[in-house]
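Student: Please take a close look at how one helix packs against another here, contact by contact. After that, I would like the answer to widen to other parts of the chain.

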Amino acid sequence: MKVFSLLIGYWKLDFYGVCHEFFVLAVTAVDLKQTIQVDKELQIRAYYAGHVLGAAMFYAKVGDSAIVYTGDYNMTPDKHLGAAQIDKLQLDLVITESTYATTYRDSKYVREREFLKAVHKCVASGGKVLIPTFALGRAQELCMLLDDYWERMNLTVPIYFSAGLTLQANIYYKVLINWTSQKVKDAYAVRNAFEFKNVRSFDRSLINAAGPCVLFATPGMISGGFSLEVFKQWAPYEHNLVTLPGYCVAGTIGHKLMSAKTPTKIRLDDDVQIDVRCQIHQLSFSPHTDAKGIMDLITFLSPKHVILVHGEKPKMAALKEKIESELGMQCYYPANNEALSIPSTLHIKVNASDAFLQSCSYPNIKFSTTTSDAADNMEPHPPPLQICDDRLSDGMLLSGEAPKVISQSEKENENHLVKFAYCWPIDINININTKEGERESSLLLHTIYEKLGRELSECEVSECQEHVQIGSVVTVSFCSKVECGFTDDDPHLCCLWPIAAEDLARRVISVVKNM
């Protein structure tokens with residue numbers, strides 16, 4: 001099986017049907033761990049995510065910047081799928097789902113045993129069991145669990161699942177064995193685990209048939225469809241059971257059942273109310289990873305930044321705090337349509353002078369001794385001698401069109417000057433890119449010139465066309481986003497100075513900011 005990457009496009013027609021723009025629908029099949037070079041900059045790779053059949057995490061790299069987008073994933077193997085698998089990568093960012101941001105599940109074995117016990121108890125007393133589930137994933141896992149249990153216990157009560165998507169999904173599971181768990185693959189030579197012996201298709205005429213049964217029906221949250229239709233018929237009877245094996249969104253009937261005490265009444269609309277007297281059993285058989293799984297993945301990948309998505313805000317806030325305090329990574333959980341700016345890695349190729357390369361080759365040998373086991377045993381042997389050769393070299397990076405690293409001994413021969421800048425916004429409503437703004441900015445610079453002249457009387461302060469100069473090395477001027485990289489739209493002042501004029505620059509900034 002391959003993961004499909006889609007590029008969707010469209011025709012744009014005018015009133016007469018003439019095509020002005022055309023975008024091609026491009027579909028590329030991607031194997032797991034296959035690296036795809038989309039263009040000169042963009043590279044992508046898919047990784048096994050567990051969760052459901054065909055689920056994949058995606059690694060994307062643009063230039064030197066790299067991210068992983070997890071989508072939905074599961075860090076714990078189950079009966080039919082394996083755990084998520086990904087390489088150790090150098091990442092700027094991981095975008096991870098956080099459905100169960102604060103949930104820590106108990107062992108899989110305990111949950112499976114509770115589920116089987118509840119179902120067996122219900123059918124043994126003549127009741128019907130409704131298991132609302134999604135067509136892909138949990139239906140197959142729970143069918144495998146019940147089918148195996150029915151064989152061991154020699155039960156004859158019918159197990160059904162509703163026709164449609166679930167039947168189609170089962171076909172793909174039978175064919176795509178390589179995507180399943182190791183246990184399923186190992187047993188494939190003897191028996192296909194998805195050829196269920198005790199599970200059959202359900203007919204609607206059986207909804208009110210006498211006798212016990214187990215029914216898988218979609219959708220999983222009882223938000224409509226066949227699971228709601230069956231729920232209406234079976235909920236009023238105390239000997240029946242509804243077992244909810246996964247996450248339910250607030251507002252759905254599944255979510256209301258999780259928080260309700262039976263008997264209860266659930267209103268569907270103004271005209272329909274369901275008298276719920278059946279047993280309600282909740283288990284976490286969700287294909288999403290829990291809080292431990294999220295922390296394990298982030299710890300393993302060790303990105304510089306983390307973004308949480310697909311979760312509930314209060315729980316995401318708690319997980320963010322945990323990630324930042326325990327792992328020391330910047331973490332975010334943006335709202336829908338909120339933009340984030342994440343710093344990324346940029347590798348710059350630089351030349352190195354012959355003198356610097358030669359200085360790196362000089363040995364830097366250090367000797368040390370360590371206490372050995374022999375010393376602990378009081379044997380008369382000298383402690384072993386350790387030799388360490390950490391090659392270190394001091395150098396200086398010269399920026400420019402051709403960046404270069406030189407040795408300390410060469411710096412006297414190089415003509416360079418390093419300057420520092422401090423920018424800050426000013427609360428004044430002018431646009432320095434207009435003629436009127438130019439006049440107002442000139443007036444402000446003149447006011448700054450007069451103020452600095454009075455406050456720094458021991459220095460020579462001069463007024464130039466676009467800046468104020470203090471001494472021969474410190475300047476104050478207006479700056480732009482391009483020059484200094486600030487993100488807001490307010491006008492900014494900039495003070496520029498060399499390292500030797502640090503103290504003078506501090507005084508200049510203090511005077512101007514207090515105006």
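**Helix packing, pair by pair**

Tutor: Helix H11 passes helix H13 in a right-handed crossing, where right-handed means that the near helix is turned clockwise from the far one by less than a right angle, and left-handed that it is turned anticlockwise. This is a predicted model, in which local features need pLDDT of at least 70 and side-chain atom pairs count only at pLDDT 80 or more, while totals for chains, interfaces and linings use all residues. Residues are numbered from 1 along each chain as its sequence is written, and side-chain values use heavy atoms, with hydrogens and water left out.

Two packed helices are described by the angle between their axes and the distance between the axes. For H11 (residues 435-455) and H13 (residues 502-513) the angle is about 125° and the axes are 10 Å apart; the axes are lines fitted to C-alpha atoms, for helices over the stretch in contact, and angles run from 0 to 180 degrees between N-to-C directions. H11 and H13 are therefore oblique to each other, given that angles under 35 degrees count as roughly parallel, over 145 as roughly antiparallel, 65 to 115 as roughly perpendicular and the rest as oblique. In H11, the residues Ile 448, Lys 451, Leu 452 and Glu 455 meet Arg 507, Val 508, Val 511 and Val 512 of H13, contact meaning heavy atoms within 4.5 Å. By class, the contact of H11 with H13 has five nonpolar, no polar and three charged residues; here Ala, Val, Leu, Ile, Met, Phe, Trp, Tyr, Cys and Pro count as nonpolar, Asp, Glu, Lys and Arg as charged, and the others, Gly among them, as polar.

A second pair is formed by H7 (residues 291-301) and H8 (residues 313-327), whose axes come within 12 Å and cross at roughly 40°. That angle makes H7 oblique to H8, and their crossing is right-handed. Ile 294, Met 295, Ile 298 and Thr 299 of H7 make the contact with Leu 319, Lys 322, Ile 323, Glu 326 and Leu 327 of H8, and these residues divide into six nonpolar, one polar and two charged. Several residues of H7 are buried, among them Ile 294, Met 295, Leu 297 and Ile 298, where buried means under 20% relative accessible area, exposed over 50%, and partly exposed in between (1.4 Å probe, protein chains only). The cover over the buried residues of H7 includes H8 together with strands E7 (56-62), E8 (65-69), E9 (93-97) and E18 (305-309). After H7 comes Ser 302, whose phi is positive, near 50°.

The third pair joins H1 (residues 108-124) and H2 (residues 138-153), with axes that come within 11 Å and cross at roughly 65°. H1 passes H2 in a right-handed crossing. On the H1 side the contact residues include Phe 115, Leu 116 and Val 119, while those of H2 include Leu 142, Leu 145 and Trp 150; the full contact divides into 10 nonpolar, one polar and three charged residues. In the loop between H2 and strand E11 (159-162) lies Asn 154, a residue other than glycine with a positive phi near 55°, and Asn 154 is exposed, with a relative accessible area of 65%.

Positive phi also appears in Asn 337, at about 70°, although Asn 337 is not a glycine. Asn 337 sits in the loop between strands E19 (330-332) and E20 (351-352) and is exposed, with a relative accessible area of 82%. Elsewhere, a cis peptide bond with omega of about 0° joins Thr 218 and Pro 219, and Pro 219 belongs to the loop between strand E13 (213-217) and helix H5 (225-234).

Returning towards H13, the loop between helix H12 (481-484) and strand E29 (492-498) holds Asp 490, which is partly exposed at a relative accessible area of 41%. Not counting residues up to four places away in sequence, Asp 490 touches Pro 425 and Ile 426, and its C-alpha atom is separated by 7.9 Å from that of Ile 428, 62 residues apart along the chain.

As for the whole protein chain, it has 13 helices and 29 strands, where helices (H or I, at least four residues) and strands (E, at least two) are DSSP runs numbered from the N terminus. Of its 515 residues, 39% count as buried. Among contacts between residues at least 6 apart in sequence, 64% join residues at least 24 apart.
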